[in-house]
Amino acid sequence: MERTVSQDERAAMGSDNRLKLGLFGANCSSGRAVTMVPERWSGSWADCLVLARMADAAGIEFMLPIGRWKGYGGDTDYQGATFETMTWAAGLLAQTERLIAFGTVHAPLIAPLIAAKEFATADHIGEGRFGLNVVCGWNEGEFEMFGATLRDHEARYDYAQEWLDIVKLAWSAPDDFDFAGRFFQLKRVRAKPKPYGGSRPLIMNAGASPTGQAFALRNCDALFSHISYGMSLDETTGYVKDIKAAAQRGGREIDVYTVGVVTCRPTVREAQEYWRHCIVDNADWAAVDNILAMRNITPETHGAEEFDRLRNHQANGMGGLPMVGDPDTVTKQLAQLAAAGLTGIAVSFVNYLDELPYFCAEVLPRLARLGLRAAP
Ligand SMILES: Cc1cc2nc3c(=O)[nH]c(=O)nc-3n(C[C@H](O)[C@H](O)[C@H](O)COP(=O)(O)O)c2cc1C
């Protein structure tokens, strides 16, 4: 029998933990580490499934995949093999009990009604545990493969707004509906079943620009933001406060999450050495330079010093917050994020399966002792 799932339960990702944890990027070969080390993440289905079950058993709240269609080349063809995120999420939801699996969906590349039905289907498979990450796209090379045009930045979000309005209508409208917009004219639309449990899937996005953030404030339950390494606790606190206040001015609530890259070892020195080994000595620099060039970041456009800084940052988890150290250090960093008002963080590892057990054994109990999570 279908149980009732409240919208609050979905927003809380099914747990009372003050700091939610997720895994980011496991559907892609090499995950988020642009490295050549042989133990880099395979991204295979077998590994993803074992990882999801391990995370589920440990009470990790969510898995967030990357919507990527074309790898970045280099020596490893970084993120060259990626699972399509909706089918990946549906497969994981079928074989887990508690965690939220997100689909990361490019609004311009799929008709909203097909998307809405896929989301409802995955949500029924997971009995209310599907989450949606709406992305508008930025990578021209990917859009070319679809014969699709990458609209200008503002129009991308205008399009995504209509797209999401249609998805939400398909999820909620009790009767047939028409839709007349700038991009879509739809007649007598009918969509059943509705999502599971009488509520709708959690919606997030990760817009960084004012337009992207305004989209999140209008539509989403969660905004994933880059909190950069140099940002102080006070600055982060102020940033989160401003976003929440802006949402409240629009009569909404929003949770703020970020992304990070964990290298946790018994000693700080071991962690730093492994980090250096993967992310400096054995970085896939050709792939890093391809990624940067796509964003028009070259020594010519940014100057040699700034280019080097960005280059190093990119190899490390594509720019996520680095958390390198022993369990006490990593716990402290996570606790600071919670103190700054963040609801949670999606982390990645060089090899998720090899490294998650140590993180769960050492960091989760420390977070529990600080009252940030239930005891594992
Ligand atoms: C956590 C996170 C996940 C993201 N996932 C994807 C993705 O899977 N595919 C994609 O094309 N863009 C992805 N992005 C890019 C964002 O959707 C967004 O386009 C980017 O942050 C730039 O913001 P803007 O669109 O407001 O300019 C992600 C960004 C973040 C921070």
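Let's start at the ligand: one of its oxygen atoms is 3.1 Å from an N or O atom in the side chain of H106. Keep in mind that this is a predicted model. S209 also reaches in with its side chain, where an N or O atom is 2.5 Å from an oxygen atom of the ligand. With G67 it's the backbone that does the job: a backbone N or O atom of that residue lies 2.7 Å from a ligand oxygen atom. For these pairs, the cut-off for a polar contact is 3.5 Å.

So much for single contacts; how much of the ligand is covered overall? On its own the ligand exposes 620 Å², and the protein buries 85% of that. As for where it sits, that's the largest pocket.

Now look at the shell. It counts 19 residues around the ligand, and the closest are G67, H153, Y157, A206 and S209. Sorted by class, the shell has nine nonpolar residues, nine polar ones and one charged. If you want to trace it on the fold, go to β3 (100–106), β4 (130–135) and α6 (153–172), the elements that each give two or more residues to this shell.

Zooming out, the protein chain is built from 14 helices and eleven strands. Its C-alpha atoms fill a box of roughly 60 × 50 × 40 Å along the principal axes. How does that square with a compact globule? For 376 residues, such a globule would have a radius of gyration near 21 Å, and the protein chain comes in at 20 Å, so the two agree.

Conventions
Residues numbered from 1 in each chain as written. Predicted model: local features only at pLDDT ≥ 70, side-chain atom pairs only at ≥ 80, totals over all residues. Heavy atoms only, no water. Near = heavy atom within 4 Å. Polar contact = N/O pair within 3.5 Å; in protein donor to acceptor, adjacent residues only side chain to side chain. Areas by Shrake-Rupley, 256 points an atom, 1.4 Å probe, with all protein chains shown as cover. 1 Å grid on protein atoms, 1.4 Å probe; cavity = no way out; pocket = protein on both sides within 12 Å on 5 of 7 lines; lining within 4 Å. Sits in = over half its atoms within 2 Å of the grid points. Helix = DSSP H or I, 4+ residues; strand = E, 2+ residues; numbered from the N terminus. Nonpolar A, V, L, I, M, F, W, Y, C, P; charged D, E, K, R; others polar. Rg over C-alpha atoms; globule rule 2.2 N^0.38 Å.
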